[in-house]
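Grab a coffee and work through these exercises with the model open beside you. Try each task before you read its solution.

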Amino acid sequence: KVTFLGVTFKPNTDDMRQSLSLYMIPYLLKKGAIISYYDPSGEKNEFKKFKKVKFYEDIYTACDKSDLVIIHTEWEEFKALDFKKISKKKKFKIYDMRNLYSPDVMQKKGYQYYSIGR
């Protein structure tokens, strides 16, 4: 199970035109993933056609039992997540595509954290 936090092109907008999530989600579905997502701008029509993609209205429900959490868009509310509440699984990975967190701090806290593009 993969959870996307943010699917829009950039924060504070509902713009999906150049969003990498439009490519990443179909790719992961082909590989067998079940996708959940949360975006503060709401559910996206672009993903309604996929049976294994579900929108959630809050972060922690979207992340429940996730194997991988992808921070895709740098919305302000993603900068202060309580990772202890994020997933009921003991071992889950975090891919931070926006470098919102310090890799050293996250690894010291015991998270499998990957800062993409640093």
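**Exercise 1. Work out how Val 7 is placed: is the residue buried or exposed, and what does it touch?**

Step 1. Val 7 is buried, because its relative accessible area is 0%. The cut-offs here: buried means under 20% relative accessible area, exposed means over 50%, and partly exposed sits in between, using a 1.4 Å probe and protein chains only.

Step 2. A quick word on the ground rules. The model is predicted, so local features need pLDDT of at least 70 and side-chain atom pairs count only at pLDDT 80 or more, while totals for chains, interfaces and linings use all residues. Residues are numbered from 1 along each chain as its sequence is written, and side-chain values use heavy atoms, with hydrogens and water left out.

Step 3. Find Val 7 in the loop between S1 and H1. Those labels are DSSP runs numbered from the N terminus: helices are H or I with at least four residues, strands are E with at least two.

Step 4. Now list the contacts (heavy atoms within 4.5 Å). Setting aside neighbours within four places in sequence, Val 7 touches residues including Met 16, Ile 25, Tyr 37, Phe 47 and His 72.

Step 5. Check one long-range pair too: Val 7 and Ile 71 are 64 residues apart along the chain, and their C-alpha atoms are separated by 8.9 Å.

**Exercise 2. Draw the sheet: in what order do the strands come, and which are the edge strands?**

Step 1. Lay out six strands as S3-S2-S1-S4-S5-S6, an open sheet with parallel pairing. Two strands pair if DSSP finds at least two bridges between them.

Step 2. Mark the edges: strand S3 (53-55) and S6 each pair on one side only.

Step 3. Add the twist. Neighbouring strands are turned by 20° against each other on average, direction ignored.

Step 4. Place helix H1 (residues 21-30), which packs on the sheet and touches strand S1 (2-5), S2, S3 and strand S4 (68-71). The direction of H1 makes about 175° with that of S1. Such axes are lines fitted to C-alpha atoms, for helices over the stretch in contact, and the angles run from 0 to 180 degrees between N-to-C directions.

Step 5. Fill in the pairings. S1 and S2 are parallel and share four bridges, with Leu 5 opposite Tyr 38 in S2. Strand S2 (residues 35-38) is joined to S3 by three bridges, and Ile 35 stands opposite Val 53.

Step 6. Look at the two faces of S1. In a regular strand the side chains alternate between the two faces of the sheet. Val 2 and Phe 4 are on one side, Thr 3 and Leu 5 on the other, and all are buried, which leaves both faces of S1 covered.

**Exercise 3. How many salt bridges does the structure hold, and which parts does the pair of Glu 74 and Arg 98 tie together?**

Step 1. Count them: there are three. A salt bridge needs a side-chain nitrogen of Lys or Arg within 4 Å of a carboxyl oxygen of Asp or Glu.

Step 2. Start with Arg 17 and Asp 15, at 2.8 Å, N to O. Arg 17 counts as exposed because its relative accessibility is 71%, whereas Asp 15 is buried at 15%.

Step 3. Next up, Glu 74 and Arg 98 meet at 3.0 Å, N to O. Glu 74 lies in the loop between S4 and helix H3 (83-86) and Arg 98 in the loop between strand S5 (93-96) and helix H4 (103-108), so the pair ties together parts that are 24 residues apart in sequence. Glu 74 is partly exposed at 28%, and Arg 98 is partly exposed at 32%.

Step 4. Finish with Glu 76 and Lys 79, whose closest N and O atoms are 3.3 Å apart. Glu 76 is exposed at 59%; Lys 79 is partly exposed at 39%.

**Exercise 4. Check the backbone: where is Asn 12, and what is its phi?**

Step 1. Recall the rule: most residues other than glycine have a negative phi.

Step 2. Asn 12 goes the other way, with a positive phi of about 65°. Look for Asn 12 in the loop between S1 and H1, where this residue is exposed at 68%.

Step 3. Lys 65 also has a positive phi of about 65° without being a glycine. Its place is the loop between helix H2 (59-63) and S4.
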